Amino acid sequence: MNQYEHLLSPLKVNRFTYKNRVMCAPMVFGSAVVGDEYGNAKYAPGKYYKVEMPAKGGAAVVSVGELDVNSREAKRMPLPDVDFTVTSGEAFNAISEYAWRIKRHGAVALIELSHPGALKPAIPGTPNAWGPVRYTVRGEEDPSNLREEMRGLSVVEEMDETMMESVYEDFAQAAWFVKCAGFDGVVVHAGHGFLIHQFLSARTNTRKDKYGGSLENRARFPLELLKRIRRRVGDDFLIECRLSGSEKVPGGMEAVETGKFCRMAEGIIDCAHISSGLYHRKDDANVSQGMFTPHGYNAPLSKMIKQYTSLPIGVIGAINSPEQAERILEKGQADYIVMGRQMIADPEFVNKLKAGREKEIRRCVRCYTCMSPLPDPEQEKPKDGVMPWLKVGSCALNPMANEKYTIEELPKVQSPKKIVIAGGGPAGMQAAITAADRGHTVTLLEKEGTLGGTLTFTDVDVDKEDLRNFKDLLIYEVGLRHTNIKVCLNTEATPQRIEREHPDVIILAVGAIPKQIPVKGLKHAVHALDVYQFPEQIGKKVIMVGGGLVGCETGLHLAKTGHQVTVIDSLVRVAHESCGRYRNSLIAEMERSGVETIVKSKCLEITENTVVIEQEDKTVKTLQADTVVYALGMTARDTRYLEDALDIPVCKVGDCERPAKVAEAVKTGFQAALQIV
């Protein structure tokens, strides 16, 4: 009996039989393939691949992401408009291709219909937002306490029945349009604080008429909207609802009411999947949680909701392992599993599982690389000029994510090469795996006694279980899966040792070393990476000099292992270079763990037990410590001695090219191997 018998078993929903219990969550904006905000469609191939790859990878159901039901008050992103009354032409054909690409791999094709309601941003040329109640950012008219939710818009118009009729028609017409385009069904976005959710929640719906008050009244508009869709598309078209099992804010809607709403919707919709949180909120109530949140955090909510309804109920929320997905189904917490970021990290999830290759699944580390790279107003604008929503979907673990081509489309290797890779960190290991996959013969030289490079710190760090899994996966693939990779540990990559292999190409992945910053007394401090190797040398009271990402994460680890930690930095905020959503979750976790931060303060001197800092007002202050740790950046190792000594083509990847994060290391290693033909 397969240990994943529940996960791989079929499920009947409407007229469809899902071939397994894995659904790829709504991702990629529905109209993104029509063109970017300038009318160009050059980004379309990458968008198509994002939904096609999970279908090809074995997922039973794949959903395209948000498709605004109109280009007026429902428009949430400055993406191309779609006329849903015209079932032909460029927009129709572009969206139809989504369905074709999904269905040709045997998956059920869905697309998400959405209306942001009061969360609509202030897009030039569009009207005020609509919502269940009138709301003004300034003044006294704020009955639903939505100030934080307005995102720059001044007024929300309270919907009357004429406006409701307009929205009913928009949803029904959009559903008919996508049915004509070849989709098997729609996901109606009724969660995360969007319009339908705003009506359902007593927190945001304070109306005094028949559309407010009791749950039955608050459900009146959502249920009528769903009925209109059903009438337009017929009984054989799948309608799924995306719902928040909990708003995760005081006074917000919780699982009991969500369950009761599901019961009311029986006979109209076919299934529902349960998320939680509010889209616009920071990490206290955000829909995509970081690494500090337990995996499968919505499963208790879906279990409770199932008690109220006979509908098939799915669940989403940081589920990145087949073992946990199987347990959720086995325990009756859900009927199917919805995966978002995990399907970016490894769209081959199901196929690997069916083939007994679960060890090769790249499990999402929840680093938010796939989210917008323009995280908040304090971060720089993108230097390449490409709008951030066009980059959504990249991945630290999957170098093919967000690309405009597939491996199958690349030219085949005509003449396999002998490749020597110096360095067994993530860049070197990814280069070795990709080169071996392409047919080359690889020798990997690592001067230490184990592979992993900088990522060996994850064996100790209390929060890095997922990243440790990725490091171990790379080691497994390099050491056990590939027969044409020879690993030489405790072997330094000298010119003489490299020449013994008679390589055609050399890839240098020798990493980086700590920057030598001119701080007086730096010799008295311990580098952040040494904290993990020699924990017994770290005293109770720690001052971390350097509040970048490494300093903050190491400081957090120390705080969670019993130390009193203060992080100091010269910039206006700590972890400044980090992605916005990850930074939010990191800072919140630091605060919960008691990490103190001091910003806009320059380190002048370090002694064995003190750090002298100069604050913004030029005040000099001495801080006491048992141990001083520093994280002041890294610099690439000097590889000129190798490059000058060898008359062989050389490529540098990872930190020895430019110190960066895991995503860049994996990407550069991957790309270097692809270029060898």
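This report describes a parallel sheet and one buried loop residue in a predicted model.

## Sheet architecture

The model contains an open sheet of 5 strands in the order E16-E15-E14-E17-E28, with parallel pairing. Its edge strands are E16 and strand E28 (650–652), each of which pairs on one side only. On average, neighbouring strands of this sheet are turned by 20 degrees against each other, direction ignored.

## Strand pairs within the sheet

Strand E15 (residues 441–445) and strand E16 (residues 485–488) are paired in the parallel sense over 4 bridges. Between E15 and E16 the chain passes through helix H13 (residues 465–481), and this β-α-β crossover is right-handed. Within this pair, Val 442 stands opposite Ile 485 in E16.

Strand E14 (residues 418–422) runs parallel to strand E17 (residues 505–508), and 4 bridges join the two. Here Val 420 is the residue opposite Ile 506 in E17.

## The environment of Gln 333

Gln 333 lies in the loop between helix H9 (322–330) and strand E13 (336–339). Is this residue buried or exposed? Gln 333 counts as buried because its relative accessibility is 13%, and the cut-off for burial is under 20%.

Leaving aside residues up to four places away in sequence, Gln 333 touches Ala 299, Pro 300, Ser 302, Lys 303, Lys 306 and Ile 328. The C-alpha atoms of Gln 333 and Met 163 are separated by 38 Å, and these two residues are 170 residues apart along the chain.

Note on methods: Residues are numbered from 1 along each chain as its sequence is written. This is a predicted model: local features need pLDDT of at least 70, side-chain atom pairs count only at pLDDT 80 or more; totals for chains, interfaces and linings use all residues. Side-chain values use heavy atoms; hydrogens and water are left out. Two strands pair if DSSP finds at least two bridges between them. A crossover is right-handed if, with the strands pointing away from the viewer, the path from the first strand over the helix to the second runs clockwise. Axes are lines fitted to C-alpha atoms, for helices over the stretch in contact, and angles run from 0 to 180 degrees between N-to-C directions. Buried means under 20% relative accessible area, exposed over 50%, partly exposed in between (1.4 Å probe, protein chains only). Contact means heavy atoms within 4.5 Å.
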